[in-house]
Amino acid sequence: MDTIVVMNQDQMGHGDRALGQKVLGTFLRKSIALPEFRALLFYNSGVRLVAADSPVLTELRLLEERGVDLVPCGTCLSHYGVTPAVGKPYYLVDNQGDGQFVEANITHPVVKPPMWIIHSW
């Protein structure tokens, strides 16, 4: 059975941040040996882990070299201002405006700022 791990913060568990990052580093080092480990999904503050200054960047690179997909949320990357050093971002887009999101393979999200006329003379 394939194993997929979801990271929704930049540490494991709640509480002491330093301990959470240490536990995460240990988990990632041990997970390199798991034969059915297929993907790591990152969202919310978890996307900080794929940044160039990530405390677990070495472990993530080793996992990626082993064939584990590293998949950070593109919207979350933009929100936190993170440029990924590893992984391939994904974006969910509501193409029809009906609330049905589909994955879009784009390297840079298309930003369409709202355009309202506040006042005209």
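These are my notebook entries on a predicted model of a protein chain.

**Entry 1: overall make-up.** I began with the secondary structure and found 3 helices and 5 strands in the protein chain. Reading along the sequence, I noted the order of these elements as β-α-β-α-β-α-β-β. I then looked up burial, and of the 121 residues in the protein chain, 32% are buried. For the contacts between residues at least 6 apart in sequence, I recorded that 60% join residues at least 24 apart.

**Entry 2: the sheet.** I turned next to the strands and asked myself in which order they are arranged in the open sheet. The order is S1-S2-S3, with 3 strands in the sheet and parallel pairing. Strand S1 (3-7) and strand S3 (69-72) are the edge strands, each of them pairing on one side only. The average turn of neighbouring strands against each other in this sheet is 15 degrees, with direction ignored. As background to this entry, I wrote down that strands of a sheet pair through backbone hydrogen bonds, either parallel or antiparallel.

I followed the pairing of S1 with strand S2, which covers residues 37-42, and counted 5 bridges between these two parallel strands. To have one pair of residues at hand for inspection, I looked up Val6, whose bridge partner in S2 is Leu41. I also noted that helix H2, residues 57-65, packs on the sheet and touches both S2 and S3, while the direction of H2 makes about 135 degrees with that of S2.

**Entry 3: the two helices H1 and H2.** I then examined how helix H1 (residues 17-31) lies against H2, and found that their axes come within 9 Å and cross at roughly 20 degrees. Angles under 35 degrees count as roughly parallel, and H1 and H2 are therefore roughly parallel to each other. The crossing in which H1 passes H2 is left-handed.

On the H1 side, the contact is made by Gly25, Leu28, Arg29 and Ser31, and on the H2 side by Glu59, Leu60 and Leu63. Sorting the residues of this contact of H1 with H2 by type, I obtained 3 nonpolar, 2 polar and 2 charged.

**Entry 4: the loop between H1 and S2.** Here I looked up Leu34, which lies in the loop between H1 and S2. Is Leu34 buried or partly exposed? Its relative accessible area is 39%, and because the partly exposed range runs from 20% to 50%, Leu34 counts as partly exposed. I also checked the separation of Leu34 from Asp2, which is 32 residues away along the chain, and the distance between their C-alpha atoms is 10.0 Å.

**Entry 5: the loop between S2 and H2.** My last entry concerns two residues, and I took Asn44 before Ser45. Asn44 is located in the loop between S2 and H2, and I noted that its phi is near 50 degrees, a positive value in a residue other than glycine. With a relative accessible area of 37%, Asn44 is partly exposed.

Ser45 also has its place in the loop between S2 and H2, and I asked which residues Ser45 is in contact with, leaving aside its neighbours within four places in sequence. Those residues are Asn8, Gln9, Asp10 and Tyr80. The relative accessible area of Ser45 is 13%, and since buried means under 20%, I entered Ser45 as buried, whereas Asn44 had been entered as partly exposed.

Terms used
Residues numbered from 1 in each chain as written. Predicted model: local features only at pLDDT ≥ 70, side-chain atom pairs only at ≥ 80, totals over all residues. Heavy atoms only, no water. Pairing = 2+ DSSP bridges. Helix = DSSP H or I, 4+ residues; strand = E, 2+ residues; numbered from the N terminus. Axes fitted to C-alpha atoms, helices over the stretch in contact; angles between N-to-C directions. Contact = heavy atoms within 4.5 Å. Parallel < 35°, antiparallel > 145°, perpendicular 65-115°, else oblique. Left-handed = near helix turned anticlockwise from the far one by under 90°. Nonpolar A, V, L, I, M, F, W, Y, C, P; charged D, E, K, R; others polar. Buried < 20%, exposed > 50% of the residue type's maximum accessible area, 1.4 Å probe, protein only.
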